[in-house]
Amino acid sequence: MKHKPVVAALLLFAPLTACGSAQAGDSSTVTVTVGYQSRTINTVTAGTLLRSLGYFEKQLNSLHDGHTYKVDWQDYATGAPITAQMTAGKIDIGSMGDFPLLINAARGKQLGKPTRLVSVTGYNLRGSLNTIVTSPGSKLASLADLKGRKVSTSVGSAADGTLVRALQRAGIDPDKGIEKLNQQPAVGASALAAGSTDALSQFVAWPGLLAYQGKAKALYDGAELNLPTFHGVTAREDFAKKRPAVLEAFLKAQAETTDYLDDHPVAAAESVAKATGLPAEVVYLYNGAHGIATFDPAVKPQLVSALKQDVSVLKAAKLTGDIDVDSFVDDQYVKKALGAGYAKRLAAAPAASASEVWPKGASSTQSFKTPAELLAYVSAHKDGFRAAYVPDATTGTLWFADKAVWVADGDKLLPFVAPETARAYVSAHGGARVVTYAEALEQAS
């Protein structure tokens, strides 16, 4: 595994170096180990983007406490191995989604190695970070169509939680009503392409990536649940108590990275794309100025409330028992790190949804008041842009304009992520009808 060479090197130089957990006492050099998920791009302010900007190392260098600090960045595909390494005392700080965070809390308590949620990275108050997709040629058009079908997801993830809740609302038993395939995102994506699964429920950035590549289309927008979903930063309790200044340095650096992302969303998307191999257009869908995710380290009460609601889903799946969320959440470090600015961040709201075009060669995007205005621009500049984004008319979830389901309602052109929400709008508005993307472009031009 990735950590073994690092651990071996640390043991070799034990007299000179110490892990962030201070296993070697007060050695002059302290190594802080950070576990992150480079391709789970709603954790970039605590992982990929933070690492590329070097803000954490700069904060550590400013401590001047007699120690020399080194950061060991360890990249993983999911939150589970980060939790395993944290409970083994080998990772000090980690970032992951809300359901994995709860498993992190449960495992830490179970093994006598408690962890604490210390900040938030990317969040969406309606839940649209998770999406259920089908193959481009699939005839499935609603959640009801999933009954008796094979559905791939990662059990214990937020995407699995979305699937369970969505099926329950559709009157389908999530355990008996479908054949659930417990697969890693990449495996599930391959299964969808091969036709060995009928649908895929996954977290960012897989749904957007597959849609962008023309390998999937949205079946269900997680925002339909209207339940917050988020990613956050967890730290080992013993590390936080032993090295509070180091944890505060991390949280200051995270806040700096958040500000950079907000001020330079296109540059940030390009940076994350370069580090992960993901298309920048997909990164921007989630992390852009009006993207699906909002980034803020503040631990908002509505996110904590959502976390408490998530416990029942994990318990039903027999992945955890009861979890004391209030004792797991510990915002004292981020409050101290951000000082007077914390209250402002806590009160901040997500940016209003907007239609955007990313022109070729541009360092910024262009916004439009309505989706129809965006379509008019696209029609007139067919080869002059990298991507066009529109917010779902019902949920506000941003999606690629050419992958959206379009509805014509008189002079209005309305985009939807999933066909079911588009049909719901049409049924409630006489004269409205679903149109193709080409028809929508023609009407707008």
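The following dialogue examines how terms are applied to a predicted model.

Student: Why is Asp160 called buried?
Tutor: Buried means under 20% relative accessible area. Asp160 has a relative accessible area of 4%, so Asp160 is buried.

Student: What makes Lys180 partly exposed?
Tutor: Partly exposed covers values between under 20% and over 50%. Lys180 stands at 27% relative accessibility and therefore counts as partly exposed.

Student: Why is the contact between the side chains of Lys180 and Asp160 called a salt bridge?
Tutor: The rule asks for a side-chain nitrogen of Lys or Arg within 4 Å of a carboxyl oxygen of Asp or Glu. For Lys180 and Asp160 the N to O distance is 2.8 Å, so the pair satisfies the rule. Lys180 lies in strand S8 and Asp160 in helix H6, 20 residues apart.

Student: What makes helix H6 roughly perpendicular to helix H13?
Tutor: Angles of 65 to 115 degrees count as roughly perpendicular. H6 and H13 pack at an angle of about 80 degrees, with their axes 11 Å apart. Therefore H6 is roughly perpendicular to H13. In this contact, Gly161, Val164 and Arg165 of H6 meet Gln309, Asp310 and Val313 of H13.

Student: How do you know that the buried residues of H7 line one face of the helix?
Tutor: The buried residues of H7 are Pro185, Gly188, Ala189, Ala191 and Leu192. Seen down the axis of H7, they fall within an arc of 160 degrees, so they line one face. The face turned away from the buried side carries the exposed residues Ala193 and Ala194.

Methods
Residues are numbered from 1 along each chain as its sequence is written. This is a predicted model: local features need pLDDT of at least 70, side-chain atom pairs count only at pLDDT 80 or more; totals for chains, interfaces and linings use all residues. Side-chain values use heavy atoms; hydrogens and water are left out. Buried means under 20% relative accessible area, exposed over 50%, partly exposed in between (1.4 Å probe, protein chains only). Helices (H or I, at least four residues) and strands (E, at least two) are DSSP runs, numbered from the N terminus. The arc is that of the directions from the helix axis to the C-beta atoms. Axes are lines fitted to C-alpha atoms, for helices over the stretch in contact, and angles run from 0 to 180 degrees between N-to-C directions. Angles under 35 degrees count as roughly parallel, over 145 as roughly antiparallel, 65 to 115 as roughly perpendicular and the rest as oblique. Contact means heavy atoms within 4.5 Å.
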